[in-house]
Amino acid sequence: QVQLVESGGGLVQAGGSLRLSCTASGRAFVAYAVGWFRQAPGKEREFVASISRNYKTDYSDSVKGRFTISRANAKNTVYLQMSTLKPEDTAVYYCNAGPRWVDGKGGDYWGQGTQVTVSS
């Protein structure tokens, strides 16, 4: 069982930046694809970004060019650097990982989520 713990959420003004972190337990993490999803109030959870074990990245169109996902396997951690934030980026952000990745749905394991609020 892998446990994922997110951190780095908070309140930021539009145009600002935040960096989210997802730290995992277990050595198998380095072999997993890892991604970020988000869920805004009244909306379904949506894919944000992912990074494969081979460092291949993928982004949703809504964040492409503003967000960057990266991983530091030595720290069992994946980061989501968010820049030029918009009020519509406000959501709970969830880390997701697993050995079997389905595009748009992710892997088997989820974190508890971290709130990101962007004020206008």
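These exercises work through one sheet of a predicted model. Local features need pLDDT of at least 70, side-chain atom pairs count only at pLDDT 80 or more, and totals for chains, interfaces and linings use all residues. Residues are numbered from 1 along each chain as its sequence is written, and side-chain values use heavy atoms, with hydrogens and water left out.

**Exercise 1.** State the order of the strands in the open sheet, and find which strands stand at its edges.

*Solution.* Strands are DSSP runs (E, at least two residues), numbered from the N terminus. Two strands pair if DSSP finds at least two bridges between them. The order is β1-β3-β8-β7, with antiparallel pairing. β1 (4-7) and β7 (67-72) each have a single partner strand, so one side of each is left without a neighbour in the sheet.

**Exercise 2.** Count the bridges for each pair of strands and give an example of facing residues.

*Solution.* Start with β1: four bridges join it to β3 (residues 18-24), and S7 stands opposite S21 in β3. Next, β3 and β8 pair over six bridges; L18 has M82 in β8 as its bridge partner. Last, β7 and β8 are joined by six bridges, and M82 is also the bridge partner of F67.

**Exercise 3.** Describe the connection between β7 and β8, then decide how covered β8 is.

*Solution.* The two strands form a hairpin with four residues between them. In the turn, N76 has a positive phi of about 50 degrees. For β8 (residues 77-82), five of its six residues are buried (under 20% relative accessible area, 1.4 Å probe, protein chains only). Strand β8 is therefore mostly covered.

Conventions
Buried means under 20% relative accessible area, exposed over 50%, partly exposed in between (1.4 Å probe, protein chains only).
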